[in-house]
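This report describes helix packing, the surroundings of a ligand and some individual loop residues. Please keep the sequence and the structure in view while reading.

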Amino acid sequence: MIKIPLNKNTIGTAEKRALNKVFDSGYMTMGKVTKKFEAAFSKHLGVKHAIYVNSGSSANLLAFSAIQDNDKFRKFKSRNDFLKPNDEIIVPAVTWSTSIWPISQTGAKSVFVDSEPDTLQMNVNSIKKAISKKTKAICMVHVLGNGGYIEEVRDICDKKKIWLIEDTCESLGVKKKNKYLGTFGDIGTYSFYFSHHITTVEGGMIVTNNDYLANKIYSLRSHGWTRDMFNAKEYEKQFPEIDPRFLFVNVGYNLRSTDMNASIGLVQLKKLEKFNNKRHEIGKTWNKAFSHLKKNELIQPMEITKGTKASWFGFPVICKTRKMRDDLREHLEKNGIETRPIICGNMTKQPGIKNIKYRISGNLSGADIIMDRGIFWGSSPDMTKSEINYVIRIIKKFFNE
Ligand SMILES: Cc1ncc(COP(=O)(O)O)c(C=O)c1O
């Protein structure tokens, strides 16, 4: 039986060679290779700063921590208010858990708004209705390689003077009107986990054009010290009695990755465009093959938002009924095609939500549909033509064709 995993291993001999070189050098922790990866990433995306960390979840934790009002040394005059306990951040109901948990770690409240069953993205009108005096940020999560309504959300944030964080962990390389997702916001985050658009095995990146936020993130990434900050000298002058190599100015973490992981990322980044074009083509092929099922309202593949060149993270569909989704899942798995729910479904239905501060704005009926009737399978860039056709055959067989 053919096996269609969620993602295939795309790490090849060039990555292994690069990794061995770092290993043989004897310098394996974060250093020159990480800097090189960060520079290549920021150049690729056309953004000023890129900061490499050990996961997308860590990137999100740093993003929300960076806009927290917890820096006594801040000189940067911001248009936006920094985040205080019980302030609010608007998030989509359909999202990943670690887009939400780090919000609670800052003491802020997550405000959930509905997601659209056809596009799987956050609904703009729901965002507008959710805004209160306490809203300090919107976290836009780009679900499964689709573009969403980023320009509209950027406008809202500009008008309301609130932060825009883009969780782009599922959409690296996706462009909206020729601009990369993750670069519209004040901060964008990415994941390089094994099944994502490129991989460093584990890993993540944060991007920003804001010097203050970048410096703070450099510090928060490594223990709260100044060593990696490009304005470290400012602190060193203020505290000449402290060894500048061990000068701590923020409540930081250790969320660094290593030069070994970065060396894999440098090679993978060169392949990103090729990978994403292939994912795009796979999406187009399956959309065409299943157009009659869509017309008959049996399955609805994710609709790509206007102006987006999607890079399908996987191929999500909404089935006509929950029973059909459950049966389809069984049929696909039985035939070797690995499946997933549409990420966490309606996040407010996950038991862990009881542990955080949150409120729901409006109703989450779209998110419920996505949770109850949604499913996706992989669209790995290494899929062969016969594997792509195998998926078509198995889906058609389910519908007795
Ligand atoms: C939207 C989203 N945000 C954050 C993450 C976390 O990334 P990581 O697994 O690298 O921690 C993921 C992981 O899949 C994700 O899908």
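Helices α2 and α9 are roughly parallel to each other, a term that applies to angles under 35 degrees, whereas angles over 145 are roughly antiparallel, 65 to 115 roughly perpendicular and the rest oblique. The model is a predicted one, in which local features need pLDDT of at least 70 and side-chain atom pairs count only at pLDDT 80 or more, while totals for chains, interfaces and linings use all residues. Residue numbers start from 1 along each chain as its sequence is written.

**Helix packing**

Helix α2 covers residues 32-45 and helix α9 residues 259-289; their axes lie 8 Å apart at an angle of about 30°. Helices are DSSP runs (H or I, at least four residues) and strands likewise (E, at least two), numbered from the N terminus. Axes are lines fitted to C-alpha atoms, for helices over the stretch in contact, with angles from 0 to 180 degrees between N-to-C directions. The crossing of α2 and α9 is left-handed, that is, the near helix is turned anticlockwise from the far one by less than a right angle, clockwise being right-handed. On the α2 side the contact is made by Val33, Thr34, Lys36, Phe37, Ala40, Phe41 and His44, and on the α9 side by Asp259, Ala262, Ser263, Gly265, Leu266 and Leu269. Contact here requires C-beta atoms, placed from the backbone, within 7 Å. Seven of these residues are nonpolar, four polar and two charged; Ala, Val, Leu, Ile, Met, Phe, Trp, Tyr, Cys and Pro count as nonpolar, Asp, Glu, Lys and Arg as charged, and the others, Gly among them, as polar.

Helix α9 also packs against helix α13 (residues 385-398), their axes coming within 11 Å and crossing at roughly 30°. That angle makes α9 roughly parallel to α13. The crossing is right-handed. Ile282, Thr285, Trp286 and Ala289 of α9 meet Ile388, Val391 and Ile392 of α13, a contact with six nonpolar residues, one polar and no charged.

In a further pair, the axes of α3 and α7 come within 10 Å and cross at roughly 125°. Helix α3 is therefore oblique to α7. Leu62, Ser65 and Ala66 of α3 contact Leu213, Lys216, Ile217, Leu220 and Arg221 of α7.

**Ligand shell**

Of the 15 residues around the ligand, Ser55, Gly56, Ser57, Trp96 and Ser191 come nearest; a residue is near if its C-beta atom, placed from the backbone, lies within 6 Å. Helices α3 (56-66) and α4 (97-105) each supply at least two residues of this shell, and α3 gives the most, with three. The shell holds five nonpolar, eight polar and two charged residues.

**Loop residues**

Most residues other than glycine have a negative phi. Lys177 has a phi near 45°, a positive value, and His223 has a positive phi of about 65°. The table lists the exposure of three loop residues, where buried means 20 or more other C-beta atoms within 10 Å, exposed 12 or fewer, and partly exposed in between, with C-beta atoms placed from the backbone.

| Residue | C-beta neighbours within 10 Å | Exposure |
|---|---|---|
| Lys177 | 11 C-beta atoms | exposed |
| His223 | 17 C-beta atoms | partly exposed |
| Ser78 | 14 C-beta atoms | partly exposed |

Lys177 lies in the loop between β6 (175-176) and β7 (179-180), and His223 in the loop between α7 (211-221) and α8 (232-238). Ser78 is placed in the loop between α3 and β2 (88-92). The C-alpha atoms of Ser78 and Lys278 are separated by 41 Å, the two residues being 200 residues apart along the chain.

Conventions: Contact = placed C-beta atoms within 7 Å.
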